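Reader: I would like a close look at a single part of this model, namely the charged side chains that pair with one another. Please take the pairs in turn, with their distances, their places in the chain and their exposure.

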Amino acid sequence: MQRKLVTLINCQLMEEEGRSRAMRAARSLGERTVTELILQHQNPQQLSANLWAAVRARGCQFLGPAMQEEVLKLVLLALEDGSALSRKVLVMFVVQRLEPHFPQASKTSIGHVVQLLYRASCFKVSKREGDSSLMQLKEEFRTYEALRREHDAQIVQIATEAGLRIAPDQWSALLYGDTAHKSHMQSIIDKLQTPQSFAQSVQELVIALQRTGDPGNLSVLRLHLELLAAIDPSPESSPPTWCECCRALGAVRIVVTGLVEFIQNHGSRKLQEPGHAHNAKYKISMCRDLTLKGSCPRGTNCTFAHSEEELEKYVLVLLTVGVTY
């Protein structure tokens, strides 16, 4: 989100193209804001259970980060040379190779992973009269990175269809067991967005606020979010007037400020610790001790950031409230 703010700030508003970019950046920021607000109103304890229930409801399965990775690599091993195998033969190949390391592997569970790849259209299927169909891995998916990306995108698609909103860092933890794949998951989420997604998300937020009683009075953001959702995201759209640009910039300032204030006062993850609001330099640069020595003697009391995530959230606060640094 910080990068989107910087993109917006750097738009050259005196030029038509700059104003067009500013409108698209404002819309993008608004969409990220409403997604984050929906996330803040979800129960994180139920998130994982709801996700895998949605995946199983479609006849698919996720076996955990380590096992799922091995399954995908074995599918690739069997089919990367262009071989065409029946589903039964492919499943048995994977199970036999997997069993020494994962005794819990079964034909049913591996079959459900293959079904997930089938739903993602990774296979070219050749039907045979009176015999099982043959499955051939499409050429564009014959590397682990490409196959894994399509696999991950399919799970994100299932979650979206089930009405679940999951943050990139949560996706990384769920699918990989770490947070190192946050950017990878964000790129998948962005690619799956449609022009209608923003307006749908605003409606989801309205429902969430009705369910929770709206303790942060976020309903006042609805008109501003709807204004941003109505912006045409296409690069070919007509250049905005100055009046339209001013309205969009005003709306995005209000909704992003609303997000930050809500997280500070009601959110599950505080953006700013109590007692540090007065310090405009708090955690807006990386800790030199940690960078040079690998450790910091001040620990959690350090006034410098100890991770990129920590740096990003405190810079976001300053940018939102208009503090320069």
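Author: In this predicted model, a salt bridge joins Asp152 to Arg148, with 2.8 Å between the closest N and O atoms. Both residues belong to helix 7 (residues 144–161), where a spacing of 4 residues puts them about one turn of the helix apart. As for their surroundings, Asp152 has a relative accessible area of 0% and is therefore buried, and Arg148, with a relative accessible area of 2%, is buried as well. The general background is brief: side chains of opposite charge can pair when their charged atoms come close.

A second pair has another kind of placement in the chain. Arg165 makes a salt bridge with Glu204, and here the closest N and O atoms lie 2.8 Å apart. This pair links distant parts of the chain, since Arg165 sits in the loop between helix 7 and helix 8 (168–176), while Glu204 is found in helix 10 (residues 197–212), 39 residues apart. The two partners also fall into separate exposure classes under the cut-off of 20% for burial: Arg165, with a relative accessible area of 12%, is buried, whereas Glu204, at 25% relative accessibility, counts as partly exposed.

A third pair returns to a helical setting. The side chains of Glu17 and Arg21 meet in a salt bridge with an N to O distance of 3.6 Å, a value that can be read against the limit of 4 Å used to assign such a contact. Because Glu17 and Arg21 are 4 residues apart in helix 2 (residues 16–40), about one helical turn separates them. Glu17 counts as partly exposed at 40% relative accessibility, and Arg21, whose relative accessible area is 36%, is partly exposed too. This contact also has a wider context, for Glu17, Arg21 and Arg24 are linked in a network of salt bridges.

To place these pairs within the model as a whole, a search of the whole structure finds 10 salt bridges, among them the contact between Asp152 and Arg148 within helix 7, the one between Arg165 and Glu204 that links distant parts of the chain, and the one between Glu17 and Arg21 within helix 2. Taken by exposure, Asp152 and Arg148 are buried, Arg165 is buried while its partner Glu204 is partly exposed, and Glu17 and Arg21 are partly exposed.

Conventions:
Residues are numbered from 1 along each chain as its sequence is written. This is a predicted model: local features need pLDDT of at least 70, side-chain atom pairs count only at pLDDT 80 or more; totals for chains, interfaces and linings use all residues. Side-chain values use heavy atoms; hydrogens and water are left out. Helices (H or I, at least four residues) and strands (E, at least two) are DSSP runs, numbered from the N terminus. Buried means under 20% relative accessible area, exposed over 50%, partly exposed in between (1.4 Å probe, protein chains only).
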